[in-house]
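Here is a quick tour of a few spots worth pulling up in your viewer. Keep the structure open beside you as you read.

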Amino acid sequence: FFFLMIRRPPRSTQSRSSAASDVYKRQVSTQSTWGYYISVKEVMKSFISIAIVCSIACLTLSQTITRKSEINLAANTYSVAFSRDNQFLFTENGNSQPVIYNVGQNSIAEKLKYLSGYALEAKLSPDGRFVIYSDYNGKVSVYNADTKQLVKQYGHIIDQRFQGFAMTNNNQYIILGDAGNSLKGITHGGAVVLYDNVNQKEIKRLNGVHGRNLEIENIKISNNQKYFIAVGTDTLVILDFESFRILHNLSSEVKGIASAIITPDNKYVIASFENASFMKIFNLQTGQLVDRVGGNPGAVLELAVTSDSKFLITGTVNGYLSIWNLQTFKEVFRFENAIINNKGGQERIMSMAISSDNKLLATTGTDGKLRIWNLNLSAPSNWKQLLMELEDMEQELDRLMF
């Protein structure tokens, strides 16, 4: 009986050990198949990740500066400004007849008249309707940017020479910076004045706006018209526009300022220095130092920011041009020896301006030449589309794997 109980089961019936073995084999097969499936997806994900990195690299490489044209102005030019249609450049070239340059024809269109002394700075009004010049005799000349005709001229607003100025969005007010002249034996300087451009009268004045140097050489107003900065060689002050009071005096953070600007998105103040290869970036509202970026081959003399606040263009003492990403504060392109004279020597960049469509860059150098450059700051649409598709595929693989 016992023998019969342990007898072998019929061939048509699968043994327990055999059944268990098949289950184990099916589990192993399933695990192997799932493992293979996971491995394939991991390989695909790795491939997509590499493709994304390569696409980003290609997008970065697409940001470039290339030569377009140049013309000899035969004079050092310290200020340039594009017209609102980007067809003309208004220049300040150290004499009483500033040159208007035709960008499309690469030629001098005409020379402005009626300045009482040599021009110090040229700026376009925020709406692009007017171009404003300050001159050595302390006068302001306002021209119609389209007709190039003199609209008004008024002088001795602060009874002495001034250099830095900026116009408000509605063209009604001008903020002026005192250049620190000595008048009748009394040293003046370090003052900012709010002047009514329509009624031609002084509205507000704030004295004692300076660091270690009395001169206020530049004024910049934020696009939202809440703040403005007063800049001198050793002075960087953030002021409130409405109250005309100092909010943050950053003069202890700076020495030998070459240039300072406010980004169009009203976030940052960026300053460069005559004897340093780095720049400092401050928060406009708090005055706090956000970052210190460097890596330039020489001192950065000129700064210009694109209208979308995505990129910063810098020009150095040895004629280098660079593009900086303002999201990462990293240099993404460098044009070495962009400005070289006929003998092969490096020339310093004196002034710089970006067209409103961010497609052109204008520079002047110590060789007396005005140069126009092509700016390529946007990635080709096909690269953008590829990057978006790759990122979507990566997200889908993540979803399937987990």
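What follows covers a strand and its neighbours, two buried residues, and then the salt bridges. One thing to keep in mind is that this is a predicted model.

**Strand β17 and its partners**

Let's begin with β17, which spans residues 227-232. How many of the residues of β17 are buried? The count is 6 of 6, so the strand is mostly covered. In a regular strand, side chains alternate between the two faces of the sheet. In β17, Tyr227, Ile229 and Val231 point one way, while Phe228, Ala230 and Gly232 point the other way. Both sets are buried.

β17 pairs with a strand on either side of it in sequence. With β16 (218-221), the pairing is antiparallel and built from 4 bridges. With β18, residues 235-240, there are 6 bridges, and that pairing is antiparallel too. Ala230 is a handy landmark here: Ile219 stands opposite this residue, and Ala230 also stands opposite Val237 in β18.

Both pairings are hairpins. The one made by β17 and β18 has 2 residues between the strands. The one made by β16 and β17 has 5, and Gln225 in that turn has a positive phi of about 60 degrees.

Asn224 sits in the loop between β16 and β17. Is Asn224 buried or exposed? The answer falls in between: Asn224 has a relative accessibility of 32%, so it counts as partly exposed. Its side chain makes a polar contact of 2.6 Å with the side chain of Ser222. Further along the chain, Pro264 is 40 residues away from Asn224, yet the two C-alpha atoms are separated by 8.8 Å.

**Two buried residues**

Val209 is in the loop between β15 (201-206) and β16. Despite that loop position, Val209 counts as buried because its relative accessibility is 1%. Which residues does Val209 touch, leaving aside those up to four places away in sequence? They are Gly190, Val192, Ile216, Ala230, Thr235, Val237 and Ile246. That list takes in Ala230 and Val237, the pair that stand opposite each other in β17 and β18. Val231 of β17 is 22 residues from Val209 in sequence, with 9.3 Å between their C-alpha atoms.

Ala122 belongs to strand β6, residues 119-124. With 3% relative accessibility, Ala122 counts as buried. Leaving out residues up to four places away in sequence, Ala122 touches Ser79, Ala81, Phe90, Thr91, Glu92, Ile132 and Tyr133. Pro98 is 24 residues from Ala122 along the chain, and their C-alpha atoms are 8.9 Å apart.

**Salt bridges**

Side chains of opposite charge can pair when their charged atoms come close. How many salt bridges turn up in a search of the whole structure? There are 9, and the table gives some of them.

| Acidic residue | Basic residue | N to O distance |
|---|---|---|
| Glu70 | Lys369 | 3.1 Å |
| Asp146 | Arg84 | 2.6 Å |
| Asp127 | Arg129 | 3.7 Å |

Take the salt bridge of Glu70 and Lys369 to begin with. This pair links distant parts of the chain: Glu70 is in strand β1 (residues 64-72) and Lys369 in strand β30 (residues 369-376), 299 residues apart. Glu70 is partly exposed at 36% relative accessibility. Lys369 counts as buried, with a value of 17%, because the cut-off for buried is under 20%.

Next comes the salt bridge between Arg84 and Asp146. Arg84 lies in the loop between β2 (79-82) and β3 (88-92), and Asp146 in the loop between β8 (139-144) and β9 (150-155), so the pair ties together parts 62 residues apart in sequence. Arg84 is partly exposed at 42%, and Asp146 is partly exposed at 44%.

The remaining pair in the table is Asp127 with Arg129. Asp127 is partly exposed, with a relative accessible area of 28%. Arg129 is partly exposed as well, at 42%.

Which residues are joined into one network by salt bridges that share partners? They are Glu70, Asp367, Lys369 and Arg371.

Methods: Residues numbered from 1 in each chain as written. Predicted model: local features only at pLDDT ≥ 70, side-chain atom pairs only at ≥ 80, totals over all residues. Heavy atoms only, no water. Buried < 20%, exposed > 50% of the residue type's maximum accessible area, 1.4 Å probe, protein only. Polar contact = N/O pair within 3.5 Å; in protein donor to acceptor, adjacent residues only side chain to side chain. Salt bridge = Lys/Arg side-chain N within 4 Å of Asp/Glu carboxyl O. Contact = heavy atoms within 4.5 Å. Pairing = 2+ DSSP bridges.
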